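New to this one? Here's a quick briefing to read alongside the sequence and the 3D view.

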Amino acid sequence: MRFTHTTLAFFAAALLTASASAHIFLNSPNGGEELPSGGSFQIEWEIAQSHETTSWELYYSTTGASGKYIPIDLDIPPGDIELGAIHTYAWTVPSSIEIGSDLWVMVVQVNFEYQDFFDRSFEPAVVVANPCPGDFNNDGEVNGGDLGGLLAAWGTEANDLNGDGICNGGDLGLLLSLWGSCP
Ligand SMILES: [Ca+2]
Ligand SMILES: [Ca+2]
């Protein structure tokens, strides 16, 4: 959570309980970010209180901060669990999400005590049209790195360029037609 003037009043009301239980900070997205449909967005969170950790879980919602939450990845290795450690996850924003949708993300720490601490976007991000379709790795061009990403996602819902719900030959043809520098 971050302080802003517009959110201060709301936050003040929740301060007593929230500050006592803040064990993770979701740094991004935390409100106002633009997420490219079908493109890559880096989710970032930070450890505010260290715990033994078995894994991390990431979820998103397009209906509200309180959910319904849909899994992004439920088995992310714990990594560095020291206070202040920064964690990132390169997420391919599903092209099935309607352009213009508000979007919230939630990160959950799964630990040995069966107490799952979490944080989620304070305000929504928004899903926008991808300025460079096919550039899955956000390096400014459609190239071999993106072809590798497409092949790795073959048969799944990820890197689904033409929006038919699965990554397959149709997407490969489209990727080749988009080959080169982004406009
Ligand atoms: Ca690329
Ligand atoms: Ca497809």
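The notes below go through the cores, the strands, one helix and a few backbone oddities.

Keep in mind that this is a predicted model. Its largest nonpolar core has 18 residues, and there's a second, separate core of five residues.

**The cores**

- In the largest nonpolar core, the residues with the most contacts inside it are Ile24, Leu26, Leu35, Leu58, Val105, Met106 and Val107.
- Strands 1 (24–28), 3 (40–47), 4 (55–61), 7 (102–110) and 9 (125–128) each chip in at least two residues of this core.
- The second core includes Val142, Leu150, Leu161 and Leu175.
- As background, nonpolar side chains tend to be buried together in soluble globular proteins.

**Around strand 9**

- Side chains alternate along strand 9: Ala125 and Val127 point to one face and are buried, while Val126 and Val128 point to the other and are not.
- Strand 2 (residues 34–36) runs parallel to strand 9, and three bridges join them; here Leu35 has Val127 as its bridge partner.
- Strand 7 pairs with strand 9 in the antiparallel sense, over two bridges, and Asp102 has Val126 as its bridge partner in strand 9.
- Setting aside neighbours within four places in sequence, Leu35 is in contact with Pro29, Phe41, Val93, Leu103, Ala125, Val127 and Val128.

**Helix 2**

- Which residues of helix 2 (residues 144–152) are buried? They are Asp146, Gly149 and Leu150.
- Looking down the axis of helix 2, you'd see those buried residues fall within an arc of 100°, so they line one face of the helix.
- Gly144, Gly148, Leu151 and Ala152 sit on the other side of helix 2 and are exposed.
- The cover over the buried residues of helix 2 includes strand 10 (141–142) and helix 3 (169–177).

**Backbone oddities**

- Ser28 and Pro29 are joined by a cis peptide bond, with omega about 0°; Pro29 is in the loop between strand 1 and strand 2.
- Another cis peptide bond joins Gly67 and Lys68, with omega about 15°, and Lys68 is in the loop between strand 4 and strand 5 (70–76).
- Asn138, in the loop between strand 9 and strand 10, has a positive phi near 60° despite being a residue other than glycine. Asn138 counts as partly exposed because it has 15 C-beta neighbours inside 10 Å.
- Asn159 has a positive phi too, near 50°, and is found in the loop between helix 2 and helix 3. Asn159 counts as buried because it has 23 C-beta neighbours inside 10 Å.

Key:
Residues numbered from 1 in each chain as written. Chains lettered and ligands numbered in written order. Predicted model: local features only at pLDDT ≥ 70, side-chain atom pairs only at ≥ 80, totals over all residues. Buried ≥ 20, exposed ≤ 12 C-beta atoms within 10 Å, placed from the backbone. Helix = DSSP H or I, 4+ residues; strand = E, 2+ residues; numbered from the N terminus. Arc of directions from axis to C-beta. Contact = placed C-beta atoms within 7 Å. Core = buried A, V, L, I, M, F, W, Y, C linked by C-beta atoms within 7 Å. Pairing = 2+ DSSP bridges.
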